[in-house]
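The report below looks at charged side-chain pairs and at the surroundings of a single cysteine. The sequence and the model come before the discussion.

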Amino acid sequence: MKIVGIAACTSGIAHTYIAKEKLMKAAKELGHEIHIETQGTIGTEDELTEIDIKNADIVIVAADINVGGKERFAGKKILNIPTNIAIKSPKSIIKKIQADLGL
């Protein structure tokens, strides 16, 4: 499965990067490709490309704020979750996505 996403929290620091790290680790451990963009106090990092988005099976938006650029995901399945869920249960989230997509 190819996963892309955005992580962002209210302060744009800790939870943003922890959510990204946890989702990336869980996806890789389960054998999936993943690319997570962060939107924080220093701006956007690891920005998703058009090709990343085009090839994605699912988009995960782990955010506690309104993130920019969601229009890029038109036509894609999007899972919106708070950062604390991404931090606490990343494997469960990815396994649920797998089941929902029949992968």
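Contact here means that heavy atoms lie within 4.5 Å. Leaving aside neighbours within four places in sequence, Cys 9 is in contact with His 15, Thr 16, Asp 64, Ile 65 and Thr 83. This is a predicted model, in which local features need pLDDT of at least 70 and side-chain atom pairs count only at pLDDT 80 or more, whereas totals for chains, interfaces and linings use all residues. Residues are numbered from 1 along each chain as its sequence is written, and side-chain values use heavy atoms, with hydrogens and water left out.

Cys 9 itself sits in the loop between strand S1 (2–8) and H1, where helices (H or I, at least four residues) and strands (E, at least two) are DSSP runs numbered from the N terminus. The C-alpha atoms of Cys 9 and Thr 83 are separated by 6.8 Å, although the two residues are 74 residues apart along the chain. Cys 9 is buried, with a relative accessible area of 3%; the classes used are buried for under 20% relative accessible area, exposed for over 50%, and partly exposed in between (1.4 Å probe, protein chains only).

Side chains of opposite charge can pair when their charged atoms come close. With a salt bridge taken as a side-chain nitrogen of Lys or Arg within 4 Å of a carboxyl oxygen of Asp or Glu, a search of the whole structure finds four. Three of them, with their N to O distances, are tabulated here.

| Salt bridge | N to O distance |
|---|---|
| Asp 46 and Lys 20 | 2.2 Å |
| Glu 37 and Arg 72 | 3.0 Å |
| Lys 96 and Asp 100 | 2.9 Å |

The salt bridge between Asp 46 and Lys 20 links distant parts of the chain, 26 residues apart, with Asp 46 in the loop between strand S3 (43–45) and helix H2 (50–55) and Lys 20 in helix H1 (residues 14–29). Asp 46 is partly exposed, with a relative accessible area of 44%, whereas Lys 20 is buried at 13%.

Glu 37 and Arg 72 also form a salt bridge, and this pair links distant parts of the chain, 35 residues apart: Glu 37 belongs to strand S2 (residues 33–40), while Arg 72 lies in the loop between strand S4 (58–63) and strand S5 (78–81). Glu 37 is buried at 1% relative accessibility, and Arg 72 is partly exposed at 26%.

Lys 96 and Asp 100, by contrast, both lie in helix H4 (residues 90–101), four residues apart, about one turn of the helix, and both residues are exposed.
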